[in-house]
Amino acid sequence: MSVFGRVTFSAAGYAAARPTYPVSLIKTVLGYGDQTRSNGTVLDLGCGHGVAVKELAPHFTNAIAIDPSAGMIEQASQSTKGSNITFRQGNAEDLSFLSDNSVDLVVSAQAAHWFNYAKVWPELARVVKPGGTLSFWGYKDNIIVDRPRANKVFDKFCYGDADVLPGLEGMNQYWERPGRDILRDLMKDVQIPESSWTNVKRILYDVDKDTTDVAGPETAWMRKDLNLGEFAAYVRTFSAYRGWMDAHPEKKSREQGGDGDIVDLMFDQILEVEPEWKALGDRWQDVQVETVWGTYILQAQRH
């Protein structure tokens, strides 16, 4: 079972700490193929807590959003207003509830790396109208700009093969694969069938732990200024964090009265390599940083 379907997963906590999408991205999606049809239908695959469909629904008559997680659908329904939005539990691989040529725009925000494309492509070719468009987008790991030492610790705790501390494993083995690896490669291996789609477009932006210069907002569209406490909350939305905690239930966070979970311990190590943050004592969580994500946008138009 996916982490997002486990009883230990909090959809509300996930929604509170995840980043939102900028207006520039929504313009890119709607501008491709001029998808501003007031009488059309948009379909959101893997909608999560509804952040993408909420922005797109006002541009269409009907908006349909599906996700395999019942918790996500409940959270989306409660937090997303829009009389033209229909949420339902379901998978991208089975769109049998939709008729042929019924969708003008199909999107997937931070979910397309999970799909079984042997089943998804035939379904999308059936339901998307001729001339309709597809826009998938997502983001890989973020980095703190111009903080290579902190980023190195972050990478070690997320992806290191060895123990991150004596006798303590990191989160690497708890990522759900191959999905995570596909995302970290910015979906480069996902090929859109030319038999059904044309005008394929890929917009990629990558960063690593040594990144110091960030591109402009049109290219580096996933960026945010946040404090370190918010950064820590974001890390706790990772599927690998949830998997790690399920394997180590005794490791309670300090906020919960424990000795520290994997995120607490990671930030202990980050503070060791960033002494000016450590000097602030408990106020380190208030430090403001600039963070940016590696991103992809994948677009195509139906023949």
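## Helix 9 and its surroundings

The buried residues of helix 9 are S239, A240, Y241, R242, G243, W244 and M245. The model is a predicted one. Helix 9 spans residues 239-247, and seven of its nine residues are buried, so the helix is largely enclosed by the rest of the structure. Helix 8 and helix 10 are among the elements that cover these buried residues.

M245 belongs to helix 9. Its relative accessibility is 7%, and because buried means under 20% relative accessible area, M245 counts as buried. Apart from neighbours within four places in sequence, M245 is in contact with K251 and D261. M245 and R88 are 157 residues apart along the chain, and their C-alpha atoms are separated by 29 Å.

## Packing of helix 8 against helix 10

The two helices named above as part of the cover of helix 9 also pack against each other: helix 8 covers residues 228-235, helix 10 covers residues 262-273, and they meet at an angle of about 140° with their axes 10 Å apart. Helix 8 and helix 10 are therefore oblique to each other. Their crossing is right-handed.

On the side of helix 8, the contact is made by L228, F231, A232 and V235; on the side of helix 10, it is made by V263, M266 and F267. Sorted by class, the residues of this contact are seven nonpolar, no polar and no charged.

## Nonpolar cores

The largest nonpolar core has 62 residues. Within this core, the residues with the most contacts are Y21, W137, I262, F267 and W277. Helix 10 supplies the largest share of the core, seven residues. F267 thus appears both in this list and in the contact of helix 10 with helix 8.

A second core, separate from the largest one, has 29 residues, including F115, L134, F136 and L183.

W137 can be described further through its contacts. Leaving aside neighbours within four places in sequence, W137 touches Y21, L25, V29, A52, L56, V107, S108, A109, Q110, W221, Y296 and I297. One of these partners, Y21, is also listed among the residues with the most contacts inside the largest core.

## Backbone exceptions

Most residues other than glycine have a negative phi, and most peptide bonds are trans. The peptide bond from R177 to P178 is cis, with omega near 15°. P178 lies in the loop that runs between helix 6 (148-159) and helix 7 (179-184).

Two residues other than glycine with positive phi also sit in loops. For N101, phi is near 55°. N101 is placed in the loop between strand 3 (85-89) and strand 4 (103-109), and with a relative accessible area of 41% it is partly exposed. For D146, phi is near 65°, and the residue is placed in the loop between strand 5 (128-144) and helix 6.

## The loop between helix 9 and helix 10

G257 is located in the loop between helix 9 and helix 10. G257 has a relative accessible area of 65% and is exposed, whereas M245 in helix 9 is buried. From G257 to K209, the C-alpha to C-alpha distance is 32 Å, with their positions 48 residues apart in sequence.

Conventions. Residues are numbered from 1 along each chain as its sequence is written. This is a predicted model: local features need pLDDT of at least 70, side-chain atom pairs count only at pLDDT 80 or more; totals for chains, interfaces and linings use all residues. Side-chain values use heavy atoms; hydrogens and water are left out. Axes are lines fitted to C-alpha atoms, for helices over the stretch in contact, and angles run from 0 to 180 degrees between N-to-C directions. Helices (H or I, at least four residues) and strands (E, at least two) are DSSP runs, numbered from the N terminus. Angles under 35 degrees count as roughly parallel, over 145 as roughly antiparallel, 65 to 115 as roughly perpendicular and the rest as oblique. A crossing is left-handed if the near helix is turned anticlockwise from the far one by less than a right angle, and right-handed if clockwise. Contact means heavy atoms within 4.5 Å. Ala, Val, Leu, Ile, Met, Phe, Trp, Tyr, Cys and Pro count as nonpolar, Asp, Glu, Lys and Arg as charged, and the others, Gly among them, as polar. A nonpolar core is a set of buried Ala, Val, Leu, Ile, Met, Phe, Trp, Tyr and Cys residues joined through side-chain atoms within 4.5 Å. Buried means under 20% relative accessible area, exposed over 50%, partly exposed in between (1.4 Å probe, protein chains only).
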